[in-house]
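Biologist: I should like to go through this structure with you, starting with the ligand and its surroundings. Please give your reasoning for each answer.

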Amino acid sequence: MQTDVEAPATEPLDIQDGAVVVAGVRKAYGPVVALDGVDLRAAPGEVVAVVGPSGCGKSTLLELVCGLAAADAGTVRAAPAALMPQRDGLLPWLSALDNAALARRVAGDSKATARTRAHGHFAAFGLEGFERARPSELSGGMRQRVAFLRTLLAGRPVLCLDEPFAALDALTRGQAQGWLAEALAREPRTVLLVTHDVEEAVLLADRVALMSARPGRVVRTIDVALPRPRARTDLAVVELRERALAALGAA
Ligand SMILES: Nc1ncnc2c1ncn2[C@@H]1O[C@H](COP(=O)(O)OP(=O)(O)OP(=O)(O)O)[C@@H](O)[C@H]1O
Ligand SMILES: [Mg+2]
């Protein structure tokens, strides 16, 4: 997806291997300006958390990167990206296995191949034994794992995760952050992770982009140069969380 409305970016951009470049982007819905002057980059394999107040255009930004909508101005260049939407989007009439396999069906696999490929990941995601369960029979944490697996199976170099854990209780959320970190260690991707949770951003990301209230733009980026795995009780994690919260308050 490439949307050049104003002057195209001058520097050469190699997006083949999974990069994302958003430069000077504006997007309005009628009179509501969701985004204005957004600059954001993700290098191949980088996990960038996007944090900002409700309504500042985070979901809109992911839609632009995934090519589901076009910017009014500015440049969006991204390697092929898969979206995990803010609501899990699982189809209630399909089993967990078929929901996960859906991404492979869309990519052209036969039903049997899609199921086999999806099932290959079920154990690693703690879903073994729940292949035939409908989404209504799964816990919230399990539904999120199925939805994430479906996103991963799309086989795209970029993953756009829109508040994947927002609906989970604190304990389940902590576990979910753990499996996401492990999954990315196994299968590195470029990730844009939208979250309200500054601690989650510091635990999972290489960089945290802080957005202003609407019209949203990235006002500050904080590097998280900490070794993995990270624990919420690590002093460095606590310090960075406080720094990001202070910056967000000042934004
Ligand atoms: N399809 C749409 N039509 C009209 N307005 C929209 C549409 N999508 C988003 N908006 C508006 O654009 C603004 C940004 O919405 P968006 O969903 O991107 O924000 P967000 O940062 O993801 O919010 P939240 O944190 O609550 O999920 C909001 O004011 C919203 O009402
Ligand atoms: Mg949103």
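Biologist: How many residues surround ligand 1?
Modeller: The model is a predicted one. Ser54, Gly55, Lys58, Thr60 and Gln86 are the closest residues to ligand 1. In total, the number of residues surrounding ligand 1 is 15.

Biologist: Which element gives the most to the shell around ligand 1?
Modeller: At least two residues of this shell come from each of β3 (32–42) and α1 (58–65). With three residues, the element that gives the most is α1.

Biologist: How do the residues of the shell around ligand 1 divide into nonpolar, polar and charged?
Modeller: Lys58, one of the closest residues, belongs to the charged class. Over the whole shell, the division is five nonpolar, seven polar and three charged.

Biologist: What percentage of the area that ligand 1 exposes when taken alone does the protein bury?
Modeller: Oxygen atoms of ligand 1 lie 2.8 Å from a backbone N or O atom of glycine 55 and 3.2 Å from one of cysteine 56. A polar side-chain atom of arginine 214 lies 2.9 Å from an oxygen atom of the ligand. Taken alone, ligand 1 exposes 630 Å², and the share of this that the protein buries is 62%.

Biologist: Turning to the helices, are α4 and α5 roughly parallel or roughly antiparallel?
Modeller: The axes of α4 (residues 140–153) and α5 (residues 170–186) come within 10 Å and cross at roughly 20°. Angles under 35 degrees count as roughly parallel. Therefore the relation of α4 to α5 is roughly parallel.

Biologist: Is the crossing of α4 and α5 left-handed or right-handed?
Modeller: The two axes cross at roughly 20°. The handedness of this crossing of α4 and α5 is right-handed.

Note on methods: Residues are numbered from 1 along each chain as its sequence is written. Chains are lettered from A and ligands numbered from 1 in the order in which they are written. This is a predicted model: local features need pLDDT of at least 70, side-chain atom pairs count only at pLDDT 80 or more; totals for chains, interfaces and linings use all residues. Side-chain values use heavy atoms; hydrogens and water are left out. A residue is near a molecule or strand if one of its heavy atoms lies within 4 Å of it. A polar contact is a pair of N or O atoms within 3.5 Å; within protein, one must be able to donate a hydrogen and the other to accept it, and residues adjacent in sequence count only if both atoms are side-chain atoms. Accessible areas come from the Shrake-Rupley method with a 1.4 Å probe; for residues, only the protein chains shown count as cover. Helices (H or I, at least four residues) and strands (E, at least two) are DSSP runs, numbered from the N terminus. Axes are lines fitted to C-alpha atoms, for helices over the stretch in contact, and angles run from 0 to 180 degrees between N-to-C directions. Angles under 35 degrees count as roughly parallel, over 145 as roughly antiparallel, 65 to 115 as roughly perpendicular and the rest as oblique. A crossing is left-handed if the near helix is turned anticlockwise from the far one by less than a right angle, and right-handed if clockwise.
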